Amino acid sequence: MASLPSAEPRLTLTADDVRRIALRAQGFLGSEGRRGGVGGMLQRLGAVQLDTISVLARSHELVAYARLGPLPRQAIERAYWHPRKPATFEYWAHAACILPLQQWPSFAIRRRAFRARGLRWHEVPEQACAEVLARLRAEGPLTATQLGGAKSGGEWWDWSDVKIAVEWLLDIGEVVCVRRTGWRRVYDLPERVVPAEYLDTELSDEECLARLAAVAARALGVVTRADLVDFHRLPGLARARQDKADLISKAAAAAGLVPITLEAGRKGPAVPGWADPVALDRAPRGRHRTTLLSPFDSLVWDRKRTQRMFGFSHSLEAYVPAHKRVHGYFAMPLLAGGHLVGRVDPARSGRTLIARRVSLERGSAAEAMAQALREAASWVGCDEVRIEVVQPTGYASRLRSALAASTP
């Protein structure tokens, strides 16, 4: 990779440059990604996506496991949601995400956007909002159940007025979530848990976007315009702006990102983008992590970027009818040697991890898959690994032999 130039022309990065920079930035290459434990990882990634699906573990636990190895799951949970000294909050970034508390000021742009829109999926019940705030002031932090219940009956989206109100208050920043208990959000007042230095910081939309651009570039290493937009799902924030076409470029410049060009690939032209200046100053060297990834991991949550960077097509099929699934309900990509070389749809039965469907990009990935399955099984308390369907079928015997050889 070329060194950072002092002037134009733009630095051109090859596809391999971008891939290695991204792997280091994401904590999969070298030892730096393991420093600081879960808290340090969250600071580097900027956001860890939450999801209700739990197969081996919930996605936010899988993100930490993938980078830091088999930490106890309870330790991961405590690190995300410290019961006595909050360091994170939950809010809408790429989706519902755990975010470092220092980012509270940066999301003023989204809180203002919600206020301007005036509703979520439901009309906001003003009386219920007032009642929720009154109870939180009087009783302290509460879950939706403690406030009166999340549902009014019927389908899953049929929220009670209390649930609509408290989620709306979360959207606009009058309520905050800094921890969960039993997978339930615990709602509190910002003035009780957000440090004054963050709570009292008022940023303009432009300042918010610059900070968010810096977070995305630090997490990904190298970004295109589409990457910057997707990381925090920014299009809606600019919808009412007349100058929205220039917002991303202005934010990248204000964040101090370095303009670069991504080398033309076999299927497309060269693409302009930006790089985190710190990422360019550090040679991406070190040992590669071999691991399974959550489909919601920020390394792969953008499917187009994953295809561009790794030549790997992947999508979540949990919401696809079972008979139409190609790779399975919760197919987890396999990262090995800095490449995505396979995927597995896992399940558990007692103390057995079941690889319901395994696909390998090449036969040599069998040993890496066996290693990743054995480590994941141990982490979630399984003693055995059972392989079911393998694609291509010709790789099945090699995978089973590698798995047998890795038995403790």
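**Figure 1. Start and end of helix H15 in the predicted model.** At the start of H15, the backbone nitrogen of Lys304 has a side-chain oxygen of Asp302 within 3.1 Å. The helix itself spans residues 303-310. After H15 comes Gly311, which has a positive phi, near 65 degrees.

**Figure 2. The buried side of helix H15.** Arg305, Thr306, Met309 and Phe310 are the buried residues of this helix. These residues lie on the same side of H15, because the arc they cover around the axis is only 100 degrees. Among the elements that cover them are three helices, H1 (15-25), H11 (205-220) and H12 (225-231). Strand E7 (222-224) and strand E12 (339-349) are also part of this cover.

**Figure 3. The open sheet E10-E11-E12-E13-E14.** Five strands make up this sheet, and their pairing is mixed. Strand E10 (291-292) and strand E14 (384-391) are the edge strands, each of them pairing on one side only. Two bridges join E10 to strand E11 (residues 332-336), and the sense of this pairing is antiparallel. Within E11, Leu335 is the residue opposite Thr291.

**Figure 4. Helix H17 and its surroundings.** Helix H17 covers residues 396-405, and its buried residues include Ala396, Leu399, Ala402 and Leu403. These four span an arc of only 130 degrees around the axis, so they sit on the same side of H17. Ser397, Ala404 and Ala405 are exposed and belong to the face turned away from the buried side. The cover over the buried residues of H17 includes helix H16 (366-379). Strand E13 (352-360) and strand E14 also contribute to that cover, and both strands belong to the open sheet of Figure 3.

**Figure 5. The hairpin of strands E3 and E4.** Strand E3 (residues 88-92) and strand E4 (residues 96-100) run antiparallel and are joined by five bridges. Three residues make the connection between E3 and E4 in this hairpin. Tyr91 has Cys97 of E4 as its bridge partner. Strand E3 is mostly covered, with four of its five residues buried.

**Figure 6. Salt bridges within helices H1 and H6.** In H1, the side chains of Asp16 and Arg19 form a salt bridge with an N to O distance of 3.3 Å. Asp16 and Arg19 are three residues apart in this helix, so about one helical turn separates them. Arg19 is buried, with a relative accessible area of 7%, whereas Asp16 is partly exposed at 39% relative accessibility. In helix H6 (residues 126-139), Arg135 and Glu139 are four residues apart, about one turn of the helix. The closest N and O atoms of their salt bridge are 2.9 Å apart. Glu139 is partly exposed at 46% relative accessibility, and Arg135 is also partly exposed, with a relative accessible area of 27%.

**Figure 7. The salt bridge between Asp297 and Arg67.** The closest N and O atoms of this pair are 2.6 Å apart. Asp297 belongs to the loop between E10 and H15, and Arg67 to helix H3 (residues 59-68), so the pair ties together parts that are 230 residues apart in sequence. Both Asp297 and Arg67 are buried.

**Figure 8. A network of salt bridges.** The residues linked in this network are Glu90, Lys163, Glu167, Arg180 and Arg185. The structure holds 21 salt bridges.

Notes. Residues are numbered from 1 along each chain as its sequence is written. This is a predicted model: local features need pLDDT of at least 70, side-chain atom pairs count only at pLDDT 80 or more; totals for chains, interfaces and linings use all residues. Side-chain values use heavy atoms; hydrogens and water are left out. Two strands pair if DSSP finds at least two bridges between them. Buried means under 20% relative accessible area, exposed over 50%, partly exposed in between (1.4 Å probe, protein chains only). The arc is that of the directions from the helix axis to the C-beta atoms. Contact means heavy atoms within 4.5 Å. A polar contact is a pair of N or O atoms within 3.5 Å; within protein, one must be able to donate a hydrogen and the other to accept it, and residues adjacent in sequence count only if both atoms are side-chain atoms. A salt bridge is a side-chain nitrogen of Lys or Arg within 4 Å of a carboxyl oxygen of Asp or Glu.
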